Amino acid sequence: MTVTMAIDTDWIERYSVASRDVYRRVLAELAAADPRIFCMDSDMGGFEDSFAAHLPEQYVNVGIAEANLLGMSAGLAATGLRPYANTIASFAAARACEQMKIDIAGNDLPVRVVVTHAGLSAGHYGPTHHAVEDIAIVRTLPNMTVVVPCDAAETEYAVRATADLPGPLFLRLGRAATPLVHTQPYEFRLGQAHELRAGDDVTIVATGPYPVVMALAAQRMLTGHGVHARVLNMHTVKPIDRAALVRAARQTRGIVTVEDHVVAGGLGAAVCEVVAEEHPCPVRRIGVPDRFNDFVADEKDLLVEAGVSPERIAEAALAVLRR
Amino acid sequence: MSSAPIVDETTVLAHRMREHILRMGATEHGTHVGGSLSCADVLAVLYGEVLRVRPDEPDWPERDRFVLSKGHAGAALYAALAERGFLPVDELETYGRRGGRLAGHPLRRLPGVEFPTGSLGHGLSLAAGVALALRRTGRTGRAFVLLGDGELQEGSVWEAAMAAGHHRLDNLIAVVDRNGLQITGGTEECITLEPLADRWRTFGWHAVEVDGHDVAALREVFAGVPRQVGRPTVVIARTVKGRGVPLFEGKKKSHSVQLTPRLYQRAAAGLKTRRPQ
């Protein structure tokens, strides 16, 4: 697949917004057709006009209380409803982790925990609002499905593809609009890595908006070095696409992982777990280092400061090839 | 109150439940004896008279839901479920036993258990969610939840209390097993809970205080729920930890006990002196 595709101007306009805006629209559309769908709000803002005004009977604001948000959502789901619990990534995964573990995952209930401000997308808000350990936490919970769309278009696919999941979902979104990766319709397959670029020298596996964008930029840089990198968008982090990773380990000389998350426990760790067991190969992990960050910057600059950039990805790929 | 029959079936049920609890306390790992005995009368009234449930159809959609938020009192719940017909009474012998269904804190999928509990501070949110779902889907079932008093020190309880009051969930009934003791001693010495009823009232609840061992009084309270339209109800059941077994009554050490054969004999003999006449 290449990016030289015909551009649908409507598509570009529709998805040149924040992923969470697309999510709100799609949620309202799904809920209008399915009275079991409830929007559980923790006073996030943004659902008043998009949802509450049209479907007041399917909207509940529990206030700024994330533990209760997830506990009540479990209660709704156990009573036959399909709650979408809305909060910020860190507040769900860290603050209300136990409710997610015991009440939601532990009962395998169809609660969709939809989080925003994931990774470093809260930018200048600072580290209280960053979530760079949420994937590591949530993917250890049995029954959870973890999905990280790479852009606003993929967010629509992901929300629709998971609407009928029988179990719980952690849908990880950012805050502001990010570059469009997909500029026209494509086939989104839940649980399957999306090969954005074919290549047989090295594989770059990325999850999240800027990581995928940067992986594609690194791929272009590597082409200049005569290196053909395969790029996989691992939008579903759990269950992870083991087959695609084994193919990458067999068919290319190694893997570079890219994420807006600490390298411990996240995508890089998940990839290492698979290849170590199935087909060991060299792996380099690009992600947020093991330290707290007091640097004030926007998302992209925070990532670069953390060592997540196209240049570093390309260097890591070349290092893999030198092994 | 004085209209109760001389030998009250529910009082007898509560006594049998206490016998079961002591037997579970005599199993290999023991049990949370004190807090199970303190809520036995409440559970006897709920399971004996109040809850609309079908033991042969545990998932009946119109049922009342019960959540044991103080999950460490699993032994009391198992006793009630067995007496109500959800479990074979003989199965109570398997409490805590390897390969069995009766964990120290209730597991999911045990008939009659709506949610696994044990980590304190979860049950009121769960029950509030259930109550809201029942309300919005037009069902008549009610959500009951039993909380420990020490449990009220968990902040998440008050998140749920605030939300339930705000959303006027009058099909939600919380019961507080106010036995006044937690592991290190009196609740008021640990973290002040009083004035407890007023605290709930300021969160938008209708609060009732009742002797949690007076079956007739409990019956009267539960007969009238919801007590007030538009408000969830909290029943603060004043209880005694270890109630029914003189050896344990009012003793903080009754919290978690493994009854040796000799201790079991003493406890059972003490309970026998309280047998309903």
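Which side chains meet in a salt bridge at 2.7 Å, N to O? They are those of Arg139(A) and Glu273(A). The model that shows this pair is a predicted one. This report begins with the two domains of chain A, continues with the boundary between the chains, and ends with chain B and some backbone details.

## The two domains of chain A

The domain assignment of chain A gives domain 1, residues 9-172, and domain 2, residues 194-322. Taken over C-alpha atoms, the centres of domain 1 and domain 2 of chain A are separated by 26 Å. In this interface, 26 residues of domain 1 of chain A are in contact with 29 residues of domain 2 of chain A.

The size of an interface is often given as the accessible area lost when the parts come together. For domain 1 and domain 2 of chain A, the buried area is about 2,000 Å², and carbon and sulfur atoms give 57% of it. In domain 1 of chain A, the residues that lose the most area to domain 2 are Leu120(A), Arg139(A) and Cys150(A), which together account for 33% of what that side buries. Arg139(A) is also a partner in the salt bridge with Glu273(A).

Between the two domains of chain A the count is two salt bridges. The interface also holds 15 residue pairs in polar contact, with both residues at pLDDT 80 or more. On the side of domain 1 that touches domain 2, the elements giving two or more residues are helix H7 (134-138) and strand S5 (145-147) of chain A. By class, that side of domain 1 of chain A has 14 nonpolar, seven polar and five charged residues.

## The boundary between the chains

Where chain B meets chain A, 23 residues of chain B are in contact with 28 residues of chain A. The two chains bury about 1,900 Å² between them, with 58% of it on carbon and sulfur atoms. In chain B, the residues that lose the most area to chain A are His122(B), Arg136(B) and Glu159(B), together 30% of what that side buries.

How many salt bridges are counted between chain B and chain A? The count is zero. There are, however, 11 residue pairs in polar contact between the chains, with both residues at pLDDT 80 or more. Helix H5 (123-136) and helix H6 (155-166) of chain B are the elements that give two or more residues to the side touching chain A. H5(B) gives the most to that side, with nine residues. The residues of the side of chain B that touches chain A divide into 10 nonpolar, eight polar and five charged.

## Chain B as a whole

Chain B has 10 helices and seven strands. Its radius of gyration is 17 Å, close to the 19 Å that the globule rule gives for 277 residues, so chain B is as compact as a globular protein of that length. Along its principal axes, the C-alpha trace of chain B spans about 50 × 45 × 40 Å.

## Details of the backbone

The table lists two cis peptide bonds, with the place of the proline in each.

| Cis peptide bond | Omega | Place of the proline |
|---|---|---|
| Lys238(A) to Pro239(A) | near -5° | loop between strand S10 (236-238) and helix H10 (242-251) of chain A |
| Glu194(B) to Pro195(B) | near 0° | loop between helix H7 (187-190) and helix H8 (196-202) of chain B |

A further detail concerns Asp108(A), which has a positive phi of about 50° although it is not a glycine. Asp108(A) is placed in the loop between helix H6 (97-105) and strand S4 (112-116) of chain A.

How values were computed:
Residues are numbered from 1 along each chain as its sequence is written. Chains are lettered from A and ligands numbered from 1 in the order in which they are written. This is a predicted model: local features need pLDDT of at least 70, side-chain atom pairs count only at pLDDT 80 or more; totals for chains, interfaces and linings use all residues. Side-chain values use heavy atoms; hydrogens and water are left out. Contact means heavy atoms within 4.5 Å. Buried area is the accessible area (1.4 Å probe) that two parts lose on being put together, summed over both. A salt bridge is a side-chain nitrogen of Lys or Arg within 4 Å of a carboxyl oxygen of Asp or Glu. A polar contact is a pair of N or O atoms within 3.5 Å; within protein, one must be able to donate a hydrogen and the other to accept it, and residues adjacent in sequence count only if both atoms are side-chain atoms. Helices (H or I, at least four residues) and strands (E, at least two) are DSSP runs, numbered from the N terminus. Ala, Val, Leu, Ile, Met, Phe, Trp, Tyr, Cys and Pro count as nonpolar, Asp, Glu, Lys and Arg as charged, and the others, Gly among them, as polar. Domain bounds come from an automatic or database domain assignment. The radius of gyration is taken over C-alpha atoms; the globule rule is 2.2 Å times the number of residues to the power 0.38.
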